[in-house]
Amino acid sequence: MKSAESSTVASGLAWFKSSYSGTEGGECVEVANGTAGMHIRDSKAAAGPVVTVSLDAWAGFVGLASSERSV
């Protein structure tokens, strides 16, 4: 995993909020696919830090999360 970076570095990205995010304003994350990997940020603090992980790490996370959901 790469260290947190400024959101200005990732400001030109198309951000997507989790489909599990409701309108009640709970904990939500947004992700954006970039050339350096997947960028992740807190949707309530869009100007805050951004964490970037490799595409392989993201695929592993999504695969694990998907298998946990089906159990």
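This report describes the fold, the sheet and selected side-chain arrangements of a predicted protein model.

## Overall architecture

The protein contains 1 helix and 4 strands. Read from the N terminus, these elements follow the order β-β-β-β-α.

Of the 71 residues in the protein, 25% are buried. The exposed area is about 4,900 Å², and carbon and sulfur atoms supply 60% of it. Where contacts link residues at least 6 apart in sequence, 35% of these contacts join residues at least 24 apart.

## The sheet

The 4 strands form an open sheet in the order β1-β2-β3-β4, and the pairing is antiparallel. Strands β1 (16-17) and β4 (51-53) occupy the edges; each has a single partner strand, so one side of each is left without a neighbour in the sheet.

In general terms, the side chains of a regular strand alternate between the two faces of the sheet.

## Strand pairing in detail

At one edge, β1 is joined to strand β2 (residues 29-34) by 2 bridges, and the two run antiparallel. Within this pairing, F16 has V31 in β2 as its bridge partner.

Strands β2 and β3 are also antiparallel and are joined by 6 bridges. One of the residue pairs here is V29 with D42, the latter lying in β3. The connection between β2 and β3 is a hairpin that passes through 2 residues.

At the other edge, β4 pairs with strand β3 (residues 37-42) in the antiparallel sense over 3 bridges. In this pairing, I40 stands opposite V51 of β4.

## Aromatic and charged side chains

The structure holds 1 aromatic pair. It consists of W58 and F61, whose ring centres are 5.4 Å apart; their planes meet at 40 degrees, so the pair is tilted. The tilted class covers angles that are neither under 30 degrees, which count as stacked, nor over 60, which count as edge-to-face.

Both W58 and F61 belong to helix α1 (residues 55-69); because they are 3 residues apart in the helix, about one helical turn separates them.

A further ring arrangement involves W15 and R41. The charged end of R41 sits over the ring of W15, at 3.9 Å from the ring centre.

## Summary of the arrangement

The model thus presents an open sheet of 4 strands with antiparallel pairing, with β1 and β4 at the edges and a hairpin between β2 and β3. Helix α1 carries W58 and F61, the tilted aromatic pair, while R41 places its charged end over the ring of W15.

Notes: Residues are numbered from 1 along each chain as its sequence is written. This is a predicted model: local features need pLDDT of at least 70, side-chain atom pairs count only at pLDDT 80 or more; totals for chains, interfaces and linings use all residues. Side-chain values use heavy atoms; hydrogens and water are left out. Buried means under 20% relative accessible area, exposed over 50%, partly exposed in between (1.4 Å probe, protein chains only). Contact means heavy atoms within 4.5 Å. Accessible areas come from the Shrake-Rupley method with a 1.4 Å probe; for residues, only the protein chains shown count as cover. Two strands pair if DSSP finds at least two bridges between them. Rings of Phe, Tyr and Trp (its six-membered ring) pair if their centres lie within 6.5 Å; planes under 30 degrees apart count as stacked, over 60 as edge-to-face and the rest as tilted. A charge sits over a ring if NZ of Lys or CZ of Arg is within 6 Å of the ring centre and within 35 degrees of the ring normal.
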